[in-house]
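Trainee: Please take one part of this predicted model and examine it closely. I should like to follow how its elements are joined.

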Amino acid sequence: MADTLPNGSDAVIKLSAVELALGSGAARVHILKHVSLAVEAGESVALVGPSGSGKSTLLMTMAGLERVDKGRVLVAGTDLAALNEDGLARFRGQNVGIIFQSFHLIPNMTALENVAVPLELAGRRDAFDRAAEELALVGLGHRMEHYPSALSGGEQQRVAIARALVARPAILFADEPTGNLDETTGREIADLLFATCAERGTTLVLVTHDNALAARCDRLIRIHSGVVDANDAGLAARSAAE
Ligand SMILES: Nc1ncnc2c1ncn2[C@@H]1O[C@H](COP(=O)(O)OP(=O)(O)O)[C@@H](O)[C@H]1O
Ligand SMILES: [Mg+2]
(Lines give C-alpha, C1' and ligand atoms only; values in the text may rest on other atoms or scores of the structure.)
(Ligands and ions follow the chains in the order given, each with its own letter.)
Protein backbone atom coordinates (compact mmCIF):
# COMPACT_ATOMS: atom_id res chain seq x y z
CA MET A 1 0.00 0.00 0.00
CA ALA A 2 1.47 3.30 -1.02
CA ASP A 3 0.87 6.63 0.61
CA THR A 4 -1.30 8.94 -1.48
CA LEU A 5 0.17 12.31 -2.37
CA PRO A 6 -1.90 15.51 -2.52
CA ASN A 7 -2.28 15.10 -6.29
CA GLY A 8 -3.72 11.63 -5.83
CA SER A 9 -0.70 9.75 -7.15
CA ASP A 10 1.05 7.08 -5.12
CA ALA A 11 4.34 7.69 -3.34
CA VAL A 12 6.29 4.49 -2.94
CA ILE A 13 8.90 6.40 -0.92
CA LYS A 14 8.08 9.29 1.38
CA LEU A 15 10.50 10.99 3.76
CA SER A 16 9.28 13.69 6.13
CA ALA A 17 11.63 15.97 8.08
CA VAL A 18 14.35 13.34 8.35
CA GLU A 19 17.44 14.07 10.47
CA LEU A 20 20.38 11.71 10.66
CA ALA A 21 23.79 11.95 12.33
CA LEU A 22 26.47 9.26 12.26
CA GLY A 23 29.68 8.71 14.22
CA SER A 24 30.25 9.42 17.88
CA GLY A 25 31.75 12.14 20.06
CA ALA A 26 33.78 14.77 18.24
CA ALA A 27 33.54 12.71 15.04
CA ARG A 28 29.74 12.90 14.99
CA VAL A 29 28.51 14.29 11.67
CA HIS A 30 25.02 15.66 11.05
CA ILE A 31 24.48 14.18 7.59
CA LEU A 32 20.80 14.48 6.60
CA LYS A 33 19.16 17.79 7.49
CA HIS A 34 15.39 18.07 7.48
CA VAL A 35 15.04 15.93 4.39
CA SER A 36 11.53 15.61 2.95
CA LEU A 37 10.86 14.03 -0.42
CA ALA A 38 8.57 11.72 -2.31
CA VAL A 39 9.16 9.24 -5.10
CA GLU A 40 6.27 7.84 -7.09
CA ALA A 41 5.83 4.20 -7.96
CA GLY A 42 7.53 3.40 -11.26
CA GLU A 43 9.58 6.59 -11.36
CA SER A 44 13.32 6.66 -12.01
CA VAL A 45 15.11 9.24 -9.90
CA ALA A 46 18.77 10.31 -9.81
CA LEU A 47 20.24 11.55 -6.54
CA VAL A 48 23.00 13.99 -7.41
CA GLY A 49 25.32 16.26 -5.42
CA PRO A 50 28.95 16.80 -4.46
CA SER A 51 31.04 14.09 -2.85
CA GLY A 52 30.25 13.91 0.87
CA SER A 53 26.85 15.60 0.50
CA GLY A 54 24.97 12.59 1.91
CA LYS A 55 23.79 10.77 -1.21
CA SER A 56 24.80 7.27 -0.10
CA THR A 57 23.45 7.87 3.41
CA LEU A 58 20.13 9.03 1.98
CA LEU A 59 19.96 5.97 -0.28
CA MET A 60 20.73 3.62 2.63
CA THR A 61 18.06 5.35 4.71
CA MET A 62 15.44 4.73 2.03
CA ALA A 63 16.61 1.12 1.65
CA GLY A 64 16.18 0.40 5.37
CA LEU A 65 19.90 0.03 6.05
CA GLU A 66 20.31 3.22 8.13
CA ARG A 67 17.97 4.37 10.87
CA VAL A 68 17.02 8.03 11.16
CA ASP A 69 17.22 10.10 14.37
CA LYS A 70 14.08 12.09 13.65
CA GLY A 71 11.37 12.24 11.03
CA ARG A 72 9.45 9.59 9.14
CA VAL A 73 10.52 7.14 6.45
CA LEU A 74 7.67 5.41 4.61
CA VAL A 75 8.72 2.89 1.98
CA ALA A 76 6.29 0.63 0.13
CA GLY A 77 3.65 1.52 2.70
CA THR A 78 5.83 0.56 5.67
CA ASP A 79 6.94 2.94 8.41
CA LEU A 80 10.55 1.82 8.84
CA ALA A 81 10.85 3.25 12.38
CA ALA A 82 8.32 0.69 13.56
CA LEU A 83 10.51 -2.27 12.56
CA ASN A 84 13.19 -3.99 14.64
CA GLU A 85 16.35 -5.39 12.98
CA ASP A 86 14.64 -8.65 11.95
CA GLY A 87 11.67 -6.73 10.66
CA LEU A 88 13.95 -4.44 8.64
CA ALA A 89 15.77 -7.43 7.14
CA ARG A 90 12.44 -8.98 6.17
CA PHE A 91 11.25 -5.66 4.76
CA ARG A 92 14.38 -5.39 2.60
CA GLY A 93 14.05 -8.96 1.38
CA GLN A 94 10.46 -8.39 0.30
CA ASN A 95 10.59 -4.86 -1.06
CA VAL A 96 13.99 -3.62 -2.16
CA GLY A 97 17.03 -4.57 -4.22
CA ILE A 98 20.35 -2.78 -3.80
CA ILE A 99 23.41 -2.57 -6.03
CA PHE A 100 26.73 -0.87 -5.34
CA GLN A 101 29.62 0.61 -7.30
CA SER A 102 31.90 -2.24 -6.19
CA PHE A 103 29.40 -5.05 -6.91
CA HIS A 104 29.65 -6.68 -3.43
CA LEU A 105 29.32 -10.25 -4.68
CA ILE A 106 30.19 -13.12 -2.35
CA PRO A 107 33.62 -14.25 -3.64
CA ASN A 108 33.38 -17.95 -2.79
CA MET A 109 30.00 -18.39 -4.45
CA THR A 110 29.37 -18.85 -8.18
CA ALA A 111 27.29 -16.36 -10.12
CA LEU A 112 24.31 -18.70 -9.81
CA GLU A 113 24.76 -19.13 -6.06
CA ASN A 114 25.08 -15.37 -5.56
CA VAL A 115 21.83 -14.72 -7.41
CA ALA A 116 20.02 -17.52 -5.56
CA VAL A 117 20.87 -16.09 -2.10
CA PRO A 118 17.85 -13.76 -1.71
CA LEU A 119 15.45 -16.51 -2.78
CA GLU A 120 17.05 -19.09 -0.51
CA LEU A 121 16.75 -16.64 2.39
CA ALA A 122 13.08 -16.34 1.52
CA GLY A 123 12.76 -20.13 1.65
CA ARG A 124 11.96 -20.49 -2.04
CA ARG A 125 12.40 -24.05 -3.30
CA ASP A 126 12.80 -22.86 -6.88
CA ALA A 127 15.69 -20.55 -5.90
CA PHE A 128 18.23 -22.02 -8.33
CA ASP A 129 15.82 -22.30 -11.25
CA ARG A 130 14.68 -18.71 -10.80
CA ALA A 131 18.28 -17.52 -10.35
CA ALA A 132 19.28 -19.24 -13.59
CA GLU A 133 16.40 -17.52 -15.43
CA GLU A 134 17.37 -14.16 -14.00
CA LEU A 135 21.03 -14.62 -15.01
CA ALA A 136 19.95 -15.52 -18.53
CA LEU A 137 17.86 -12.32 -18.64
CA VAL A 138 20.91 -10.18 -17.81
CA GLY A 139 22.88 -11.96 -20.54
CA LEU A 140 24.94 -14.25 -18.33
CA GLY A 141 23.36 -17.61 -19.06
CA HIS A 142 26.80 -18.84 -20.14
CA ARG A 143 28.61 -17.71 -16.96
CA MET A 144 26.50 -19.27 -14.21
CA GLU A 145 29.20 -21.50 -12.74
CA HIS A 146 31.87 -18.79 -12.78
CA TYR A 147 33.17 -17.21 -9.57
CA PRO A 148 33.20 -13.41 -9.36
CA SER A 149 37.01 -13.28 -9.76
CA ALA A 150 36.65 -14.94 -13.17
CA LEU A 151 34.17 -12.30 -14.39
CA SER A 152 34.78 -8.83 -15.84
CA GLY A 153 33.51 -5.76 -13.96
CA GLY A 154 30.53 -5.45 -16.28
CA GLU A 155 29.71 -9.12 -15.83
CA GLN A 156 29.98 -8.83 -12.04
CA GLN A 157 27.58 -5.89 -12.10
CA ARG A 158 25.15 -7.94 -14.20
CA VAL A 159 25.28 -10.66 -11.54
CA ALA A 160 24.66 -8.02 -8.86
CA ILE A 161 21.68 -6.67 -10.84
CA ALA A 162 20.26 -10.18 -11.23
CA ARG A 163 20.67 -10.76 -7.49
CA ALA A 164 19.01 -7.42 -6.67
CA LEU A 165 16.05 -8.06 -8.98
CA VAL A 166 15.52 -11.82 -8.69
CA ALA A 167 12.92 -11.47 -5.92
CA ARG A 168 11.04 -8.85 -7.99
CA PRO A 169 11.34 -5.97 -5.52
CA ALA A 170 9.17 -2.88 -5.92
CA ILE A 171 12.22 -0.62 -5.63
CA LEU A 172 15.81 -0.86 -6.86
CA PHE A 173 18.44 1.31 -5.19
CA ALA A 174 21.74 1.76 -7.02
CA ASP A 175 24.74 3.60 -5.55
CA GLU A 176 27.00 4.73 -8.42
CA PRO A 177 26.22 1.54 -10.36
CA THR A 178 28.52 2.46 -13.26
CA GLY A 179 31.23 4.14 -11.18
CA ASN A 180 33.75 1.29 -11.56
CA LEU A 181 33.07 0.58 -15.24
CA ASP A 182 34.46 1.98 -18.47
CA GLU A 183 32.15 4.21 -20.48
CA THR A 184 30.87 1.59 -22.92
CA THR A 185 30.29 -1.05 -20.24
CA GLY A 186 28.67 1.57 -18.00
CA ARG A 187 26.25 2.46 -20.77
CA GLU A 188 25.37 -1.21 -21.29
CA ILE A 189 24.73 -1.63 -17.57
CA ALA A 190 22.57 1.50 -17.54
CA ASP A 191 20.62 0.20 -20.57
CA LEU A 192 19.99 -3.04 -18.71
CA LEU A 193 18.89 -1.24 -15.53
CA PHE A 194 16.48 1.12 -17.26
CA ALA A 195 15.02 -1.54 -19.57
CA THR A 196 14.43 -4.04 -16.76
CA CYS A 197 12.93 -1.48 -14.38
CA ALA A 198 10.66 -0.08 -17.10
CA GLU A 199 9.48 -3.53 -18.12
CA ARG A 200 8.64 -4.53 -14.55
CA GLY A 201 7.42 -1.16 -13.30
CA THR A 202 10.23 -1.16 -10.74
CA THR A 203 10.94 2.18 -9.06
CA LEU A 204 14.61 3.08 -9.57
CA VAL A 205 16.56 5.40 -7.28
CA LEU A 206 20.18 5.81 -8.25
CA VAL A 207 23.14 7.87 -7.10
CA THR A 208 25.49 9.00 -9.83
CA HIS A 209 28.22 11.50 -10.71
CA ASP A 210 27.57 10.87 -14.38
CA ASN A 211 25.41 13.61 -15.89
CA ALA A 212 24.51 11.45 -18.88
CA LEU A 213 23.23 8.72 -16.59
CA ALA A 214 21.33 11.20 -14.39
CA ALA A 215 19.70 12.69 -17.50
CA ARG A 216 18.20 9.31 -18.37
CA CYS A 217 16.14 9.37 -15.16
CA ASP A 218 12.63 10.85 -15.01
CA ARG A 219 13.73 13.29 -12.33
CA LEU A 220 16.73 14.65 -10.40
CA ILE A 221 16.93 15.16 -6.67
CA ARG A 222 19.82 17.48 -5.80
CA ILE A 223 21.45 17.36 -2.40
CA HIS A 224 24.00 19.78 -0.90
CA SER A 225 25.54 19.30 2.57
CA GLY A 226 22.68 17.04 3.59
CA VAL A 227 19.92 19.39 2.41
CA VAL A 228 17.64 18.36 -0.45
CA ASP A 229 16.75 21.15 -2.88
CA ALA A 230 13.10 21.94 -2.10
CA ASN A 231 12.29 22.22 -5.82
CA ASP A 232 13.39 18.63 -6.35
CA ALA A 233 11.63 16.99 -3.41
CA GLY A 234 8.59 15.98 -5.43
CA LEU A 235 6.35 17.68 -2.86
CA ALA A 236 6.28 21.44 -3.48
CA ALA A 237 4.74 21.38 -6.94
CA ARG A 238 2.01 19.06 -5.74
CA SER A 239 1.12 21.12 -2.68
CA ALA A 240 1.13 24.29 -4.78
CA ALA A 241 -1.14 22.69 -7.37
CA GLU A 242 -3.80 21.91 -4.80
N1 LIG B 1 29.43 6.09 9.57
C2 LIG B 1 29.78 7.39 9.47
N3 LIG B 1 30.27 8.06 10.53
C4 LIG B 1 30.60 9.36 10.43
N5 LIG B 1 30.50 10.08 9.31
C6 LIG B 1 30.03 9.47 8.22
C7 LIG B 1 29.65 8.11 8.23
N8 LIG B 1 29.20 7.77 6.99
C9 LIG B 1 29.31 8.90 6.24
N10 LIG B 1 29.82 9.91 6.97
C11 LIG B 1 30.05 11.29 6.51
O12 LIG B 1 28.81 11.79 6.07
C13 LIG B 1 28.96 12.59 4.92
C14 LIG B 1 28.08 12.08 3.81
O15 LIG B 1 28.56 10.81 3.39
P16 LIG B 1 27.93 10.03 2.16
O17 LIG B 1 26.49 9.83 2.40
O18 LIG B 1 28.76 8.82 1.94
O19 LIG B 1 28.12 11.10 0.98
P20 LIG B 1 28.13 10.92 -0.62
O21 LIG B 1 27.58 9.56 -0.95
O22 LIG B 1 27.28 12.03 -1.12
O23 LIG B 1 29.55 11.08 -1.06
C24 LIG B 1 30.44 12.60 4.61
O25 LIG B 1 30.99 13.76 5.19
C26 LIG B 1 30.94 11.36 5.29
O27 LIG B 1 32.29 11.50 5.66
MG1 LIG C 1 28.44 7.93 -1.88
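Mentor: The account below follows one sheet, strand by strand. Residues are numbered from 1 along each chain as written, and chains are lettered from A and ligands numbered from 1 in written order. The model is predicted, with local features requiring pLDDT of at least 70, side-chain atom pairs pLDDT 80 or more, and totals for chains, interfaces and linings using all residues; side-chain values use heavy atoms, without hydrogens or water.

The sheet is open and has six strands (DSSP runs of E, at least two residues, numbered from the N terminus), arranged in the order β7-β8-β9-β4-β10-β11. The pairing, for which DSSP must find at least two bridges between two strands, is mixed. At the edges stand β7 (96–100) and β11 (227–228); each has a single partner strand, so one side of each is left without a neighbour in the sheet.

Next to β7 in that order comes β8, followed by β9. Strand β8 spans residues 171–175 and runs parallel to β9, residues 203–207, with five bridges joining the two. Within this pair, F173 has V205 of β9 as its bridge partner.

After β9 the order continues with β4 and then β10. Strand β4, residues 44–48, is also parallel to its partner β10, to which four bridges join it. Here V48 is matched with R222 of β10 as bridge partner.

The pairing of β10 with β11 is antiparallel and rests on two bridges. In β11, V227 is the bridge partner of H224. These two strands form a hairpin with two residues between them, where S225 adopts a positive phi near 45°.
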